[in-house]
Amino acid sequence: MKRGFFLLEFDELAEILSSAGFRAFRAKQVWEGVYKKKIFSFSEITNLPADLRKFLSDNFEIKTALPQRKRTSLDDTGKYLFELSDGYFIESVLLEAPEGEGDELRKTLCISTQVGCAQGCRFCASTMRGFKRNLDSSEIVSQLLPFVKNGEFEFENIVVMGMGEPLANFENVVKALYIIKDRFGFGARRITLSTCGIADKLKELAEMKFPFRLAISLHGASNDVREKIMPVNKRFPLEVLLPAAKAFAKSNGRMITLEYILIDKVNDSFSDAKLLSDIANSLHAHVNLIPYNRVEGLDWKRPSSDRRKAFFNALKSKGVSCTLRREKGSDIEAACGQLALIAERQKLENM
Ligand SMILES: C[S@@+](CC[C@H](N)C(=O)[O-])C[C@H]1O[C@@H](n2cnc3c(N)ncnc32)[C@H](O)[C@@H]1O
Ligand code: SF4
């Protein structure tokens, strides 16, 4: 069986090539071909001799999860569905959005870390079919590969906000992010990991001085509300999660983002806004308000536009740094996990 190329360290590659009789400088050429020039087919690294290209193709593989379907909506949101080698589907979303209010448009790639999700958040399509498996670090990295133009990545930012809970697949996700940062030279401040709040893993990240940005899916500013919509809150209630978030912020030095989906009559009252302001201010965190994206089979609704604005203004009046996100890609089932779910259903129907 061929080995995944991304799983190789440089020294290991150098050793393998030298044992196979290739000259010492070849390892560096291979490394640069893949990670600097971003050529993902060994046969196309043309400065290598033919016998080395053949050796690489025979022994290693760069898994490119090839898009099965690409759909583009009117607002520049592109959703890419990838079929993995064992037939499961994952998805990546390329979206164009400003980083903050009034900023230029930037392309952001959203990647997945698991097939399905075990966390059971009540508003989320990714978890509706339960958890299937973790992605390995090579499958996580390979979601970037189709988005290269003229030797450069097409996107400026990466968010780990697709299907799955990254901190429940800790080692593979951490390894993948370091490959993206150290080998491809993609800046840590341009990568954001989003978690539903696995507090013990947050502490571990704080201890290892994890350099990437962090978003926490809060969605409830009291244990009562959070417990209703996020089962993870039973394991890690706010009094455990918030100190872990604080420890992370201290070690990381960058502002944390709190993601907050606005759901009608669930978490959108003025008292929710007050509690959320207190949490955001105590963590010096930015709040990203997201209108709930409808998921087929779930009863939730997003609040009216006036109510969303009132919630936003209530946070602003407490001095919270805050953005109210325009819903992106709702016309292409952008609510997380939905496209993969639909593809899976269609596959089952066709069997
Ligand atoms: C799919 S999760 C993946 C990352 C991680 N598991 C987490 O919960 O942060 C990424 C973001 O999508 C949000 N999300 C899930 N379902 C949504 C929906 N129906 N509408 C809007 N946002 C949703 C999540 O709450 C989270 O903030
Ligand atoms: S919101 Fe995140 S943690 Fe919750 S079910 Fe969806 S993917 Fe999993």
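**Ligand 2, helix packing and Ala280**

Trainee: Which residues are around ligand 2?

Mentor: Cys117, Gln119, Cys121, Cys124, Ser126, Thr127, Gly164, Glu165, Cys196 and Ser217 surround ligand 2 (C-beta, placed from the backbone, within 6 Å of it). This is a predicted model, in which local features need pLDDT of at least 70 and side-chain atom pairs count only at pLDDT 80 or more, while totals for chains, interfaces and linings use all residues. Residues are numbered from 1 along each chain as its sequence is written, and chains are lettered from A and ligands numbered from 1 in the order in which they are written.

Trainee: How does that shell divide by class?

Mentor: Around ligand 2 there are four nonpolar, five polar and one charged residues. Asp, Glu, Lys and Arg count as charged, Ala, Val, Leu, Ile, Met, Phe, Trp, Tyr, Cys and Pro as nonpolar, and the others, Gly among them, as polar.

Trainee: Changing topic, how many helices and strands does the chain have?

Mentor: The chain has twelve helices and 16 strands (DSSP runs of H or I, at least four residues, and of E, at least two).

Trainee: How do H6 and H9 pack?

Mentor: The axes (lines fitted to C-alpha atoms over the stretch in contact, with angles from 0 to 180 degrees between N-to-C directions) of H6, residues 199-207, and H9, residues 238-252, come within 8 Å and cross at roughly 15°. H6 and H9 are therefore roughly parallel.

Trainee: Which residues meet there?

Mentor: From H6, Ala199, Leu202, Lys203, Leu205 and Ala206 meet Val240, Leu241, Ala244, Ala245, Ala247, Phe248 and Ser251 of H9 (C-beta atoms within 7 Å). The contact of H6 with H9 has ten nonpolar, one polar and one charged residues.

Trainee: And at what angle do H1 and H2 pack?

Mentor: H1 (residues 10-19) and H2 (residues 26-36) pack at about 130°, their axes 9 Å apart. H1 and H2 are therefore oblique (under 35 degrees is roughly parallel, over 145 roughly antiparallel, 65 to 115 roughly perpendicular, the rest oblique). Phe10, Leu13, Ala14 and Leu17 in H1 meet Arg26, Ala27, Val30 and Trp31 in H2. That contact of H1 with H2 divides into seven nonpolar, no polar and one charged residues.

Trainee: Is Ala280 buried or exposed?

Mentor: Ala280, in helix H10 (residues 270-283), counts as buried because 24 C-beta neighbours lie inside 10 Å (20 or more is buried, 12 or fewer exposed, in between partly exposed). Across the chain, 40% of the 351 residues count as buried.

Trainee: What does Ala280 touch?

Mentor: Not counting residues up to four places away in sequence, Ala280 touches Leu258, Ala285, Val287 and Val320.

Conventions:
Contact = placed C-beta atoms within 7 Å.
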